[in-house]
Amino acid sequence: MAKQPMLKFVKIERDMPEKREASVRSHDFDEIYAEFAKAKAEEQASRCSQCGVPYCQSHCPLHNNIPDWLNLTATGRLEEAYEISQATNTFPEICGRICPQDRLCEGNCVIEQSGHGTVTIGSVEKYITDTAWEQGWVKPAAPAVERSESVGIIGAGPGGLAAADMLRRAGVQVIVYDRYDRGGGLLTYGIPGFKLEKDVVMRRIKQLEDGGVRFVFNCNVGQDMSFDEIRDQHDAVIIATGVYKSRDLRGPGAGAKGIVKAIDYLTASNRTANFGDSVPEFESGELNAKGKRVVVIGGGDTAMDCLRTAIRQGAESVKCLYRRDRANMPGSQRETANAEEEGVQFEWLTAPKGFKGDETVEAVMVQKMRLGLPDATGRQSPELIEGADYEEPADLVIKALGFEPEDLQTLWGAPELEVTRWGTVKAEFTSGRTALPGVYAVGDIVRGASLVVWAIRDGRDCAEHVLKDFEKLAAIAAE
């Protein structure tokens, strides 16, 4: 008998896990939300309307079977809920923590459209898989039968790891090459611990290692190994490098000390705060906000991560400059609200035009903007307001303007690797096949900077097509 009947959204209000007070959480890098208790998870899952057309599922890039695992959670069948959840998602506990649910599944929840408040899908998803780890339901990615085929994966971020998981479960021999000393990519070194604690990522890396996936860290393709060497060692290669080249700022004084890239700043913070690594640039103060007037330029999720990290490092003040208004910013509204609670000041409709200071930055020269006509994307374009400039004092300026692909053709000495005019690798969507035989590409290096959940989707889809291509080759060889 069901412990919790469904369709309780008319009786039970939406409720999130308890959030730690800003005055407390702003001094550490622990996750800000507590875990749902069993009863609360069942209660919130029971609010699902079990609608005939589940828009939550169709708007999830992985098409997770959300209504079914909510039903199973509400009725106390949690192990089955986990099995359904992980059937389509390699890392459900990670997506439950960092996916922008307000723009995906929860933002399209039917009961949200009717004014009852969305089901807290992300928090229940996180609860299900965290419980699965505690109960020992999560097993290594060990295959029943070993295969002879070998796949090399360049990049240990979410796309590469998702592909590695599926291929290894099918018995393929998998080696993952990564430039960093730990796996996870931006999950490890880009996203702060207060959104994604690092033991959550590291246990997934260990799960893959225990299942037989081999990792080669501190490996820069083009320096430590050539692209051709990796191709020669494997039957197929998957490029899953992500995009790490930071968009830059121009203008007077843009080269002054104290103006840094978001990825460098976040990597230094994650290394020191979450792993206890020694980072000279952090220890010297170059990548440390303590006691400084910090200005972050940008309005995406990376900017939010930088702002909230600076608060935790003990900055004197933290301000965000964004050239559009709040309604038009690309970052999560939830993250913006969390930043405001923690003491971040947002200066909407502002953009930098240069920097003051002899050798070290002392201020940002700011120009005020207004919104004009919509651009090609439908967002209103910012326009300069003449004569409304001012100076914003700053000791540390962080550029969080987004990421672009690195020049892989040059870095890897691989001019035969086809790229688009944006520098992304040319590959078929879904399969990930490139024009090079046996070479595939997935995630941001194909899409451009995007969401973790899309990288997972691409990695899983690509792995499926790699296996199909292996079967075709085997059939041809048997003829």
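The side chains of Asp-130 and Arg-203 meet in a salt bridge, with 3.0 Å from N to O. Asp-130 sits in helix α8, and Arg-203 sits in helix α11, which covers residues 198-210. The pair therefore ties together parts that are 73 residues apart in sequence. The model is a predicted one. By the rule used here, a side-chain nitrogen of Lys or Arg within 4 Å of a carboxyl oxygen of Asp or Glu, the salt bridges come to 43.

Now place that pair in the chain. The protein is divided into three parts: domain 1 spans 8-135, domain 2 takes 150-243 + 406-478, and domain 3 spans 248-403. Domain 2 is thus written as two stretches, 150-243 and 406-478. Asp-130 falls within the bounds of domain 1, and Arg-203 within those of domain 2. Salt bridges between domain 1 and domain 2 number 2. The contact of Arg-203 with Asp-130 is a salt bridge at 3.0 Å.

Next, look at the boundary between these two domains. Their centres, taken over C-alpha atoms, are 29 Å apart. Domain 1 brings 26 residues to the contact, and domain 2 brings 23 residues. Interface size is often given as the accessible area lost when the parts come together. For domain 1 and domain 2, the buried area is about 2200 Å². Carbon and sulfur atoms give 67% of that area. Polar contacts are present too: 9 residue pairs link domain 1 and domain 2 in this way, with both partners at pLDDT 80 or more.

Which elements of domain 1 give two or more residues to the side that touches domain 2? They are α5 (78-88), α6 (92-98) and α8 (121-135). Helix α6 gives the largest share, 6 residues. By class, this side of domain 1 has 14 nonpolar, 6 polar and 6 charged residues.

The UniProt record, an unreviewed entry, adds two named spans. One is "domain: Dihydroprymidine dehydrogenase", placed at residues 26-136. In the model, that span is 52% helix and 0% strand. The C-alpha atoms at its ends lie 33 Å apart. The other feature in the record, also from an unreviewed entry, is "domain: FAD/NAD(P)-binding" at residues 151-459. Residues 151-459 are 29% helix and 24% strand. The end C-alpha atoms of this span lie 13 Å apart.

Finally, go to Lys-8, the residue where the bounds of domain 1 begin. Lys-8 lies in the segment before α1 (22-25). What does Lys-8 touch, leaving aside residues up to four places away in sequence? Its contacts are Ser-46 and Arg-47. How far apart in space are Lys-8 and Arg-203? The distance is 35 Å, C-alpha to C-alpha, and the two are 195 residues apart in sequence.

Conventions: Residues numbered from 1 in each chain as written. Predicted model: local features only at pLDDT ≥ 70, side-chain atom pairs only at ≥ 80, totals over all residues. Heavy atoms only, no water. Domains from an automatic or database assignment. Contact = heavy atoms within 4.5 Å. Buried area = accessible area lost by both parts, 1.4 Å probe. Polar contact = N/O pair within 3.5 Å; in protein donor to acceptor, adjacent residues only side chain to side chain. Helix = DSSP H or I, 4+ residues; strand = E, 2+ residues; numbered from the N terminus. Nonpolar A, V, L, I, M, F, W, Y, C, P; charged D, E, K, R; others polar. UniProt positions renumbered as here; feature names shortened; annotations may be inferred.
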